[in-house]
Amino acid sequence: MRRAGDQLSSARLRLRRYTLADLEALDRLNSDPAVMRHMGGPASRTDTEAMLRDRILSYYEQHPGLGIWVTEERDSGRAIGMHLLNHIRGEAHIQVGYRLYPAHWGKGYATEMTLALLRYGFEQLALPRIVGITDLANVESQHVLLKSGLIRDGERRFRHPGYGSAPLAWFRGERGAWLQRLQGNDC
């Protein structure tokens, strides 16, 4: 994932870098009211174009190994959403996260690739800490983060473009402890 051709995969999924050709799919994801229910509501096409250009494509070169990637089913090659391992905007914290099309909710995909990204971040990038944030009402995503081995660490309030200034559920994983739990098959 450090170069354009690199990919990360799990049993059923793989990640690949976004390209300009993915604008339509990203717009469909970002404009879906169900997907964006806990992230400030649907995004406009203009906001999605800016996200693709500034937050995704430029970010790859600025922060090798980190980013936002298209999540695809390995068998079909069909895009099912996105996963990310990147900086929270305006913060030094590295976060793990995802957005999936509703047709792919409830299949364990979010947890499967989140685990793969945490392992990649801790083992290959040697990140000391990875966090996750969710809207307080988004209990489904909180469950994914817990199943992935992150620990709930209260609530935090900070200005985030997707969430506004409301308090967010905060999760964290420390490299050594997370890897130790993984070896013990606790996550």
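In this short talk I will walk through the overall fold of this protein, one of its helices, and a few of its side-chain pairs.

Please keep in mind throughout that we are looking at a predicted model. Let me begin with the whole chain, which has 5 helices and 8 strands, and which reads, if you follow the sequence from its start, as β-β-α-α-β-β-β-α-β-α-β-β-α. For 187 residues, a compact globule would be expected to have a radius of gyration near 16 Å, and the protein, at 15 Å, agrees with that. If you lay a box along the principal axes, the C-alpha atoms fill roughly 45 × 40 × 35 Å, and 49% of the 187 residues count as buried. It also helps to know that, among the contacts with a separation of 6 or more, 59% are between residues 24 or more positions apart.

Now let us turn to helix α1, which covers residues 23–30 and whose buried residues are Leu 23, Leu 26, Asp 27, Leu 29 and Asn 30. Why do we say that these residues are on the same side of α1? The reason is that they cover an arc of only 160 degrees around the axis. What lies over these buried residues includes helix α2, residues 45–62, together with the strands β4, residues 79–87, and β5, residues 94–100.

Next come the aromatic rings, where the structure holds 1 aromatic pair. The ring centres of Phe 122 and Trp 178 are 5.3 Å apart and the planes meet at 40 degrees, so we call the pair tilted. Phe 122 belongs to helix α3, residues 109–124, while Trp 178 belongs to helix α5, residues 175–183, and the pair therefore links distant parts of the chain, 56 residues apart. Both of these residues, Phe 122 and Trp 178, are buried.

Rings can also be faced by a charge, and here I would point to Arg 17, whose charged end sits over the ring of Tyr 60 at 4.4 Å from its centre, and to Arg 55, which lies over the face of Tyr 59 at 5.5 Å from the ring centre.

Finally, let us consider the salt bridges, of which the count comes to 16. In one of them the side chains of Arg 14 and Glu 72 meet, with 2.8 Å from N to O. Because Arg 14 lies in strand β2, residues 13–17, and Glu 72 lies in strand β3, residues 67–73, this pair ties together parts that are 58 residues apart in sequence. Glu 72 also meets the side chain of Arg 16 in a salt bridge, at 2.7 Å from N to O, and this pair again links strand β2 with strand β3, across 56 residues. Is Glu 72 itself buried or exposed? With a relative accessibility of 8%, Glu 72 counts as buried, whereas Arg 14, at 22%, counts as partly exposed, and Arg 16, also at 22%, counts as partly exposed.

Elsewhere in the chain, a network of salt bridges links Arg 129, Asp 153, Arg 156, Arg 172 and Glu 174. Within this group, Asp 153 forms a salt bridge with Arg 156, and their closest N and O atoms are 3.3 Å apart. Asp 153 is partly exposed, with a relative accessible area of 26%, and Arg 156 is partly exposed as well, with 32%.

Terms used. Residues numbered from 1 in each chain as written. Predicted model: local features only at pLDDT ≥ 70, side-chain atom pairs only at ≥ 80, totals over all residues. Heavy atoms only, no water. Buried < 20%, exposed > 50% of the residue type's maximum accessible area, 1.4 Å probe, protein only. Helix = DSSP H or I, 4+ residues; strand = E, 2+ residues; numbered from the N terminus. Arc of directions from axis to C-beta. Contact = heavy atoms within 4.5 Å. Phe/Tyr/Trp six-rings, centres within 6.5 Å; stacked < 30°, edge-to-face > 60°. Lys NZ or Arg CZ within 6 Å of the ring centre and 35° of its normal. Salt bridge = Lys/Arg side-chain N within 4 Å of Asp/Glu carboxyl O. Rg over C-alpha atoms; globule rule 2.2 N^0.38 Å.
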